[in-house]
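Here's a walk through a two-chain model, written for someone who would rather look at the structure than at a list of terms. Have the viewer open and follow along.

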2 protein chains.
Amino acid sequence: MKLYDRELSGNAYKIRLFFALLNQKYETVSVNSAAGEQRQPWFLKINPRGQIPVLEAEGRTIWDSTAILVYLARRFGGEKWLPLDAEGLAEVMQWLAMAQNEILYGLARARAIVLFSRKADLAEAQAGGHNALKILEQHLQQHDWLALGRPTIADIACYPYVALAEQGKIPLDPYPAVLSWMKRIQSLPGFVGMPGLRMM
Amino acid sequence: MKLYDRELSGNAYKIRLFFALLNQKYETVSVNSAAGEQRQPWFLKINPRGQIPVLEAEGRTIWDSTAILVYLARRFGGEKWLPLDAEGLAEVMQWLAMAQNEILYGLARARAIVLFSRKADLAEAQAGGHNALKILEQHLQQHDWLALGRPTIADIACYPYVALAEQGKIPLDPYPAVLSWMKRIQSLPGFVGMPGLRMM
């Protein structure tokens, strides 16, 4: 399997982290998105959305970090990381949606503005980020994990941009239940980090 | 089953459309989000994200339109609308991600700015919307459906804000393969519409 990757991408890190937790080997191809390489014709042929990560596996190309997490969970994790019954699958899916919505357009965007000079409204992104953290804090005050009382790809999908939030000048100290959850994730067997993560 | 609904919400329409295609009965509770009702404490108890749609089913509360589509597909559709093998599930998931990302933050946002006076950058949203339509057009020039060569919840998730795009002043005529796909969706047995859809 081959991962089109960038070290500082939180979306690509989701996949590297999940590969590590699954104890699966893979190759990486580094894509220099700071230089716009993901908008070059060769890459758009691989992913018309022009985004990393992309996974090549068994002759298929899978774009989108959430779709790749789902693929790896089904292929290597049985139902441990992603259950298939209606209720369980929907419960995980709710948090995958949060990862693609409030977390991506709040926490990840604020970080991109500060770190990569992305042109967007920092105050609006930070407000969206705090909204995401409040929802997570409220849930994690009463649950150890986001879904099903155990680690699932819901946690893997939401964790990176939460743990990178302070790079977008969004302090995490007001969210103690989120910090405890981050520590639980960091304690999972096989955990790997990336630059900029707040470690507990 | 009870759907917290709003007639003009494309996200809520995804669920009404899928219920109709599944030929399943449900009740609705209308939430007046124009008046901010989805931010009232009673609704935030149901969905901490403060968004419609929400589904109540079998004593559970499922928020997020994508999660609800997944739930209904598993509960009433066997594997017809959502397959469970790694490759098939990931293929559908890619387009669910598009629905939550480029389509929601491009097409749906442009419509919300024009129709509901939402404060955001119209030109940026329209550019994002055209980007989504280009990706869809390129794919649909070679495929009848978004995934697996048959109708799936990928189509249901992407269709509403595409067919409502012109309310955000994003013309659809430059995208003939998208228009043909819209016509195929409108021809599905049980199809129901909503106000503002471009009908083919």
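The centres of domain 1 and domain 2 of chain A, taken over C-alpha atoms, are separated by 20 Å. Keep in mind that this is a predicted model. In the domain assignment of chain A, domain 1 covers 2–76 and domain 2 covers 86–186. Where the two touch, domain 1 of chain A puts in 10 residues and domain 2 of chain A puts in 11 residues.

Which elements give two or more residues to the domain 1 side of that contact in chain A? They are helix 1 (10–22) and helix 3 of chain A. Helix 1 of chain A supplies the largest share of that side, with five residues. As for chemistry, the domain 1 side that touches domain 2 in chain A splits into seven nonpolar, two polar and one charged.

Now for the sheet in chain A. Four strands form an open sheet there, ordered 2-1-3-4, and the pairing is mixed. Strand 2 (27–30) and strand 4 (60–63) of chain A sit at the edges with a single partner strand each, so each has one side without a neighbour in the sheet. From one strand to the next, the twist averages 20°. Strand 1 (residues 2–5) of chain A runs parallel to strand 2 of chain A, and four bridges pair them. To find that pairing on screen, look for A:Lys2, whose bridge partner in strand 2 of chain A is A:Glu27. Helix 3 (residues 65–76) of chain A packs on this sheet, touching strand 3 (54–57) and strand 4 of chain A, and its direction makes about 125° with that of strand 4 of chain A.

Over in chain B, four strands also make an open sheet with mixed pairing, in the order 2-1-3-4. The edges are strand 2 (27–30) and strand 4 of chain B; each has a single partner strand, so one side of each lacks a neighbour in the sheet. The twist there averages 20° from one strand to the next. Strand 1 (residues 2–5) and strand 2 of chain B pair in the parallel sense over four bridges, and B:Leu3 has B:Thr28 as its bridge partner in strand 2 of chain B. Helix 3 of chain B lies across strand 3 (54–57) and strand 4 of chain B, at about 125° to strand 4 of chain B.

Here are the two bridge pairs to click on:

| Residue | Bridge partner | Strand of the partner |
|---|---|---|
| A:Lys2 | A:Glu27 | strand 2 of chain A |
| B:Leu3 | B:Thr28 | strand 2 of chain B |

How do the chains meet? The contact takes 26 residues from chain B and 26 residues from chain A. On the chain B side, the elements giving two or more residues are strand 4 (60–63), helix 3 (65–76), helix 4 (86–100) and helix 6 (122–140) of chain B. Helix 4 of chain B brings the largest share, eight residues. That side of chain B counts 14 nonpolar, five polar and seven charged residues.

One last stop is A:Met194, in the segment after helix 8 (176–186) of chain A. Is A:Met194 buried or partly exposed? It counts as partly exposed, because it has 17 C-beta neighbours inside 10 Å, while a buried residue needs 20 or more. Leaving aside residues up to four places away in sequence, A:Met194 touches A:Glu7 and A:Tyr13. A:Arg111 is 83 residues from A:Met194 along the chain, and their C-alpha atoms are 14 Å apart.

Definitions and conventions
Residues numbered from 1 in each chain as written. Chains lettered and ligands numbered in written order. Predicted model: local features only at pLDDT ≥ 70, side-chain atom pairs only at ≥ 80, totals over all residues. Contact = placed C-beta atoms within 7 Å. Nonpolar A, V, L, I, M, F, W, Y, C, P; charged D, E, K, R; others polar. Buried ≥ 20, exposed ≤ 12 C-beta atoms within 10 Å, placed from the backbone. Pairing = 2+ DSSP bridges. Axes fitted to C-alpha atoms, helices over the stretch in contact; angles between N-to-C directions. Domains from an automatic or database assignment.
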